[in-house]
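Visitor: Could you walk me through this structure, one question at a time?

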Amino acid sequence: MPSGQRAQWKGFLKFGEVSCGVALYTAASTGERITFNTINKATGNRVNRIFVDSETEDPVPKEAQTKGFEIENGQYIIIDPEEVSAAIPESNKTLEIEAFIRCSDVDDVYFDKPYYLTPDKMGGDAFAALRDAMKKSMVAAIARTVLFRRMRTVLIRPHGKGLIASTLNYDYEVRSSEKAFEEMPKLKIQGEMLDLAKHIISTKKGEFDPATFDDRYEAALADLVKAKIEGKSLPKPKKVQVSKPNDLLAALRESAGMMKAATDQPKRTAANANTGAGRQRAARGAAAKSATSKAAPQRKAS
Amino acid sequence: MAPKYYWKGYLKLSLVTCPVAMTPATSESEKVRFHTLNKETGNRVVSRYIDSVTGKPVKGENEAKGYARGENDYVVLTEDDLDAVALDTVKTIDIDKFVPAESIEWIYFEKPHYLMPDDAVGNEAFAVIRDAMKSDNVVGISKLVMGRRERAVVLEPRDEGIVLWSLRFGDEVRPEEAYFEDIDEKADPDLVPLVQQLIKQKTARWSPNMVSDPIQDALLKLIEEKRKLLKPKKAAKGQKEQAARASNVVNIMDALRKSLEADLKNRQAG
């Protein structure tokens, strides 16, 4: 049991006939970002917000406010908070695993917020067995329960010694990628263009640790404010040069050339370069195949 | 329902650049949402800004963003000013690194967006970057200013387009050690195969049905019942009533969809 941290939720994790006491802890919080104050330009003063009746413009005190659902223009159905509460099923405080799904089958676009899932003192054995079995079988688990006054589905997966439970967005909250991309032309890039792009990628391959990433925005904004106070003209954004279809191959060749020079590779003759490309192509066929079969189920978002 | 783009800019790999548009992959537009009403009049309650010193209402065109320089001392910033912040990452996603797909921990994934070409001129360049990542089974790493922060982003090829994930910052992810330190590292070796058997029995394919929202369904039903009480029935018999009910349901869906525009507008403003 982690000390000094407050659990967001306590209950049971149930799989088959086994259940163990568990707790959920917020795994990620939203950091602070720069906020602006709303100002009255005419006076330079800050503004306050008040709530008024849209017709009479009279202030409406909190106790005179209620909730309504708009059905047609200006027509509302009033829903009392108690009625909303009544729609929430009684919580049985149990995350019951309904199904296991293969890790490669998980559609990550549904991910909402992550929580650390930990066992209580008594539940350690069952918890560890579930975690290791899921790791070995390479699956994640789907469970549902009432969390924070909503019926939430969570995706549970092993993570180090523990489990992470991510709340998932509802079906109606996720736009299908198929629909989003349906108007795009079906282009398949092959041959030299693909080889050049892959070469550029190969020179930029590495590792990335998100924990080490720094936000430069605040400093840049402070510079901008300083320039404005001092009456200096603000820098104009640089004009971006777009690659025209006719220039694309040349841009790729030039990029690949630059990369070659940068990585200090000996210049290859045209003949050598061709053999190299041929070899890569054969190898890629296999790689692409395995990549497609692995990723295919993910494309099924609707 | 054509999605509105909430960001437009450029995707860049070395010397290859193409215009792109981005739209959030998730939306709250179809969630049942309530407005605040005045109990006494039944009218909507709306917010108004008043000057904190003079107490007078502030006209919309006088509302401005203020950067606090001191107490009660603000520098007014326009949208154009904000666009002029000296970071290329305001308008350009320059991919400077590629890593194996699935090497970024899920816990860092903050919000997904769909990225696509914004002009036919860039279709081929976009496809080159997408297909090269696909055939190498890598994802691209870049950075982009989103919501007044410069965030690391991951680009993963998907279908004809690219999914762009904004990533959480290191200080937004809580260190797992504090939570997991007391958990047993090894499980009972006799138990694990039994659980694996159970897993095998209960393995299913992913389906969006797994993320339905029964509470929203219940609220929609409640709204529908109240709606029926609102209007006296015209013909209270047989098939006619059935037809009326069906059309009411459609209307509620229309009403929900109508909020899409407002939802997207709000996101753009943010």
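What follows is a short conversation about how the two chains meet and how some strands pair.

Guide: This is a predicted model, in which local features need pLDDT of at least 70 and side-chain atom pairs count only at pLDDT 80 or more, while totals for chains, interfaces and linings use all residues. Residues are numbered from 1 along each chain as its sequence is written, and chains are lettered from A and ligands numbered from 1 in the order in which they are written.

Visitor: Which helix gives the largest share of the side of chain B that touches chain A?

Guide: The contact takes 153 residues from chain A and 144 from chain B, where two residues are in contact if their C-beta atoms, placed from the backbone, lie within 7 Å. On the side of chain B, the largest share is 12 residues, and these come from H2(B).

Visitor: How is H4(A) oriented relative to H2(B)?

Guide: Helix H4 (residues 191-203) of chain A and helix H2 (residues 123-136) of chain B have axes 9 Å apart and pack at an angle of about 70°; axes are lines fitted to C-alpha atoms, for helices over the stretch in contact, and angles run from 0 to 180 degrees between N-to-C directions. Angles under 35 degrees count as roughly parallel, over 145 as roughly antiparallel, 65 to 115 as roughly perpendicular and the rest as oblique. H4(A) is therefore, relative to H2(B), roughly perpendicular.

Visitor: Which strands stand at the edges of the open sheet E3(A)-E5(B)-E6(B)?

Guide: Three strands form this open sheet in the order E3(A)-E5(B)-E6(B), with antiparallel pairing; two strands pair if DSSP finds at least two bridges between them. Within it, E5(B) (residues 63-70) and E6(B) are joined over five bridges. An edge strand has a single partner strand, so one side is left without a neighbour in the sheet, and this holds for E3 (37-40) of chain A and E6 (73-77) of chain B.

Visitor: How many of the residues of strand E11(B) are buried?

Guide: Strand E11 (residues 149-158) of chain B pairs in the antiparallel sense with E10(B) (residues 138-146) over seven bridges, and with E12(B) (residues 161-167) over six. A residue is buried if 20 or more other C-beta atoms lie within 10 Å of its own, exposed if 12 or fewer, and partly exposed in between, with C-beta atoms placed from the backbone. E11(B) is mostly covered, and of its 10 residues the number buried is nine.

Conventions: Helices (H or I, at least four residues) and strands (E, at least two) are DSSP runs, numbered from the N terminus.
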